[in-house]
Amino acid sequence: MIHKLYETGSLTAEELLDLIINRTPERRELLRELAEKRRQEVYGRDVFIRGLIEFSNICRQNCYYCGIRCGNTKVQRYRLTVDEILSCCHSGYKLGFRTFVLQGGEDPHFTDDIFVEIITKIKAFYPDCAVSLSLGERSYESFKRLREAGADRYLMRHETADAEHYSMLHPENLSLASRMEALKNLKSLGYQTGCGFMVGSPFQKPEHIVKDLLFIKEFQPEMVGIGPFMPQKDTPFGDKPAGSVELTLYLLSITRLLLPNVLLPATTALGSAQQGGRESGVLAGANVVMPNLSPTDVRDKYTLYDNKLSIGAESIEGLNALRKSMRDIGYEVVTDRGDAARE
């Protein structure tokens, strides 16, 4: 079955369910080896870095799992100015970053006009760089304006491809149908589009994961974000167990074989859940790492979950440490936009 996945890039729902439920050390290692082989066939041993700028932890939404949900009164809120965001890009560019990821809560302050200003200035100062956005759900017209301003990529996890499960993780004003429509709009506008899900989120069943994998295969995103669920103590799910690192790595390998050309991050959550987690992610088939370029005084305020690792690379020492950790496992951090490979 695993060799079939490697050779065809596809499995049935029943085969995927069997692969997930009946995990063994032998299956895990074979999947990992074949996923690593596939990513080396497509991307060699290059690891792409993205400069993550967490511009605001103010959010109008109230998702049950998220530490910056509007209902969490214990968060110390912050919002970067346009100049502060551009300063992060300037520092990152000098270090060699050629992709900047603007990520934040759904902060009403950041209108389309403000984002257009930010994107336009980044593109004017750094025309050889890609701009990725992770801003949550917006209207088609908003996505269109930001794309026309020069945004290249948009990251928006679908979280779960099962509508009932989605409703267990979100308040009533949010729906899976709306999330899927937003992802469809992003693709239609020519964004390099990213989706993804949490592993071990509350109420998740193996059948839900199968739906996620089948959706990803059908949707054909350029990027997929998969990380373990990490609880945050001041949310309704604060007492829920964290997701499995082992299963996350397993699913990274499956995703690499389903979508050989995908850009697949070894997520911050994976690095937070286990020491050496991001290196294990790369060895499982990932090829992207996202160090944090946010100002150091706000990083501990972007509390999506507890015990969040800050993969800092705001200094040459931090970036050199990251380069060394990748070299130690046989990979090389490269200075590149790192676009998705084409067929």
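This passage describes the overall fold, surface and cysteines of a predicted model.

The protein chain contains 13 helices and nine strands. Its C-alpha trace spans about 50 × 45 × 35 Å along the principal axes. The radius of gyration is 19 Å. A compact globule of 343 residues would have a value near 20 Å, so the chain agrees with that expectation.

Contacts in the protein chain link distant parts of the sequence. Among contacts with a separation of 6 or more, 75% join residues 24 or more positions apart. Burial was assessed over the whole chain. Of the 343 residues, 59% count as buried.

The accessible surface of the protein chain comes to about 13,700 Å². Carbon and sulfur atoms contribute 51% of this area. The charged side chains comprise 43 positive and 46 negative groups. The centres of these two sets lie 2 Å apart.

The structure holds zero disulfides. Two cysteines were examined in this respect, Cys66 and Cys195. For Cys66, the closest cysteine sulfur belongs to Cys59. The two sulfurs are 6.4 Å apart, which is too far for a bond, because a disulfide requires sulfur atoms within 2.5 Å. Cys66 has a relative accessibility of 16% and therefore counts as buried, the cut-off being under 20%.

For Cys195, the closest cysteine sulfur is that of Cys63. The separation here is 17 Å, so a bond is again ruled out by distance. Cys195 counts as buried because its relative accessibility is 3%.

How values were computed: Residues are numbered from 1 along each chain as its sequence is written. This is a predicted model: local features need pLDDT of at least 70, side-chain atom pairs count only at pLDDT 80 or more; totals for chains, interfaces and linings use all residues. Side-chain values use heavy atoms; hydrogens and water are left out. Helices (H or I, at least four residues) and strands (E, at least two) are DSSP runs, numbered from the N terminus. The radius of gyration is taken over C-alpha atoms; the globule rule is 2.2 Å times the number of residues to the power 0.38. Buried means under 20% relative accessible area, exposed over 50%, partly exposed in between (1.4 Å probe, protein chains only). Contact means heavy atoms within 4.5 Å. Accessible areas come from the Shrake-Rupley method with a 1.4 Å probe; for residues, only the protein chains shown count as cover. Lys and Arg count as positive and Asp and Glu as negative; His and the chain ends are not counted. The place of a charge is taken as NZ of Lys, CZ of Arg, CG of Asp or CD of Glu.
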